[in-house]
Amino acid sequence: ILDGAHGLERIDRAVAGAERVSDGWLLRLADGSTRAACALVLANGNQPPTPMAIGEVLSAERFVHDPWSEEAAEAVRRVVEEVGDVLILGTGLTMIDMVLSLDAAGYRGRILALSRRGLIPRPHAGYEPAPVELAEVPQGDLLRLWRWLRQRSGQVGFPAAVDALRPLSHALWQGLSEEDQRRFLRHARAWWDVHRHRIAPQVSVRLAELVEAGRLELA
């Protein structure tokens, strides 16, 4: 709980309700007590993925919709024992987590990670931060913004250019038209994601080793 008078206090109790008051929030805890706070954040985490329509291509008994479920953990244990091939739909961070989980569990079979572009998150690398102000960045025009990002990347490197936009991303997104937002999601999001959501260098090295050994294929 963030309290303006006393700073930060950690309380491991369930919150049963929250009421907006003049100077912040009044939280009602499950034990009946209350706490005052100047800020309230609802951190719900990721929601379960929407089940995919797999049709007749994949066996429903073998297809796992939620990679964080107990069903997925059981599937990892089963495939390690059976040493069958594994197909992962998507090549983002969740794919990397699943590959590492399989590897750590002792799986020695073949993994095929399939996506529309075959892109994977780039590894972190040291760089000098190059912050920018919102007024320095083109707003309201996706093409101009993309050109600016490419030019800026040539000057300071892509990681620094991308990370500089992190505190500005909400304002930049809200400033785009609905058409430009859809255009970004269709054409640019995959490239943005792999540069924005990067992985540790040692993880990148391990993935390269699995690819070299023929145990991981990205398509």
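This briefing describes a three-stranded sheet, the helix that lies across it and one threonine in a loop beside them.

The model is predicted, so local features need pLDDT of at least 70 and side-chain atom pairs count only at pLDDT 80 or more, whereas totals for chains, interfaces and linings use all residues. Residues are numbered from 1 along each chain as its sequence is written, and side-chain values use heavy atoms, with hydrogens and water left out.

**Sheet**

- Strands β6, β7 and β8 form an open sheet in the order β6-β7-β8, with parallel pairing; strands (E, at least two residues) and helices (H or I, at least four residues) are DSSP runs numbered from the N terminus, and two strands pair if DSSP finds at least two bridges between them.
- Because β6 and β8 stand at the edges with a single partner strand each, one side of each has no neighbour in the sheet.
- Neighbouring strands of the sheet are turned by 15° against each other on average, direction ignored, where axes are lines fitted to C-alpha atoms, for helices over the stretch in contact, and angles run from 0 to 180 degrees between N-to-C directions.
- β6 (residues 86–89) pairs with β7 over 4 bridges; V86 stands opposite I111, and I88 has A113 as its bridge partner.
- β7 pairs with β8 (residues 216–218) over 3 bridges, and here the bridge partner of A113 is L218.

**Faces of β7**

- In β7 (residues 111–114), I111 and A113 point to one face and are buried, while L112 and L114 point to the other face and are not buried; buried means under 20% relative accessible area, exposed over 50% and partly exposed in between, with a 1.4 Å probe and protein chains only.

**Helix α2**

- Together with β6 and β7, helix α2 (residues 93–104) makes a right-handed β-α-β unit, meaning that, with the strands pointing away from the viewer, the path from the first strand over the helix to the second runs clockwise.
- α2 lies across β6, β7 and β8, and runs at about 160° to β6.

**Loop residue T91**

- T91 is found in the loop between β6 and α2, and it counts as buried because its relative accessibility is 6%.
- The side chains of T91 and S115 are joined by a polar contact of 3.0 Å, a term for a pair of N or O atoms within 3.5 Å in which, within protein, one must be able to donate a hydrogen and the other to accept it, and residues adjacent in sequence count only if both atoms are side-chain atoms.
- A polar atom of the T91 side chain lies 2.5 Å from the backbone oxygen of L119.
- Not counting residues up to four places away in sequence, T91 touches residues including A113, L114, G118 and L218, contact being heavy atoms within 4.5 Å.
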